[in-house]
Amino acid sequence: PVTITLRGRDSDVFQRSVRSRADSKMQSTQRLVLTAASLEEDSIETLADCTVSWDGIMVDGECPECNRENAAKLYSRFPWLREQADTFVATRSNFLKPAQKN
């Protein structure tokens with residue numbers, strides 16, 4: 001089995017990551033041009049920031065260390081994985097404890 005532990009959309013890490021990229025773009029002296037590629041890169045960088053750990057990840061026959069750089073490479077190389085991680089992070093119920101049954 002493969003597992004990736006992620007921080008959610010409401011986490012401080014996620015919020016700081018998104019704000020930092022937005023601030024950088026707004027403070028840039030260059031004209032702001034949003035492209036699909038730049039939005040994709042922002043998503044990859046934010047997911048890399050929010051990746052806490054993984055288990056069972058194999059890339060080219062090796063188990064890469066879980067760090068920010070490798071996470072960004074992983075999400076860049078495997079768009080299907082990035083899509084699943086992004087969906088998981090965006091779903092708040094994934095980060096809530098289930099209600100106790102009475």
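Helices (H or I, at least four residues) and strands (E, at least two) are taken here as DSSP runs, numbered from the N terminus. On that basis, the chain of this predicted model has four helices and two strands. Read from the N terminus on, its elements follow the order β-α-α-β-α-α. The C-alpha trace spans about 55 × 45 × 20 Å along its principal axes. Of the 102 residues in the chain, 26% are buried. The accessible surface of the chain comes to about 7500 Å², and carbon and sulfur atoms account for 51% of that area. As for how the chain folds back on itself, 64% of the contacts between residues at least 6 apart in sequence join residues at least 24 apart.

Helix α1 offers a good place to begin a closer look. This helix covers residues 12-27, and its 16 residues should span 22 Å at 1.5 Å a residue; the end C-alpha atoms are 22 Å apart, so expectation and model agree. V13, F14, S17 and R21 are the buried residues of α1. Seen down the helix axis, these buried residues fall within an arc of 110°, and therefore they line one face of the helix. Their packing partners are α2 (36-50), α3 (68-77) and α4 (79-90). On the face turned away from the buried side, α1 carries the exposed residues D12, R16, R19, M26 and Q27.

Charged pairs come next. Side chains of opposite charge can pair when their charged atoms come close. In this model the count comes to eight salt bridges, with a salt bridge taken as a side-chain nitrogen of Lys or Arg within 4 Å of a carboxyl oxygen of Asp or Glu. One of them joins the side chains of R92 and D10, with an N to O distance of 2.6 Å. This pair links distant parts of the chain, for R92 sits in the segment after α4 and D10 in the loop between β1 (3-6) and α1, 82 residues apart. R92 counts as partly exposed, at 49% relative accessibility, and D10 is likewise partly exposed, at 49%.

A second salt bridge brings together the side chains of K25 and D42, at 2.4 Å from N to O. Because K25 lies in helix α1 and D42 in helix α2, the pair ties together parts that are 17 residues apart in sequence. With a relative accessibility of 24%, K25 counts as partly exposed.

R77 and D60 form another salt bridge, their closest N and O atoms being 2.9 Å apart. Here too distant parts of the chain are linked: R77 belongs to helix α3, while D60 lies in the loop between β2 (51-55) and α3, 17 residues apart. R77 is partly exposed at 44% relative accessibility, whereas D60, at 62%, counts as exposed. Salt bridges also link R21, E45, D49 and R68 in a network. R21 is thus a member of this network as well as one of the buried residues of α1.

The cysteines give a simple picture, with zero disulfides in the structure. C50 is in no disulfide, and the nearest cysteine sulfur, that of C66, is 12 Å away. The same holds from the other side: C66 is in no disulfide, and its nearest cysteine sulfur, that of C50, is 12 Å away. A disulfide calls for a pair of cysteine sulfur atoms within 2.5 Å, so a pair must meet that cut-off to be counted. As for their surroundings, C50 is buried, with a relative accessible area of 0%, whereas C66 counts as partly exposed at 26% relative accessibility.

Finally, N94 is found in the segment after α4. N94 has a relative accessible area of 35% and is therefore partly exposed. From N94 to G56 the separation is 38 residues in sequence and 21 Å in space, C-alpha to C-alpha.

Key: Residues numbered from 1 in each chain as written. Predicted model: local features only at pLDDT ≥ 70, side-chain atom pairs only at ≥ 80, totals over all residues. Heavy atoms only, no water. Buried < 20%, exposed > 50% of the residue type's maximum accessible area, 1.4 Å probe, protein only. Expected span 1.5 Å × (residues − 1). Arc of directions from axis to C-beta. Contact = heavy atoms within 4.5 Å. Areas by Shrake-Rupley, 256 points an atom, 1.4 Å probe, with all protein chains shown as cover.
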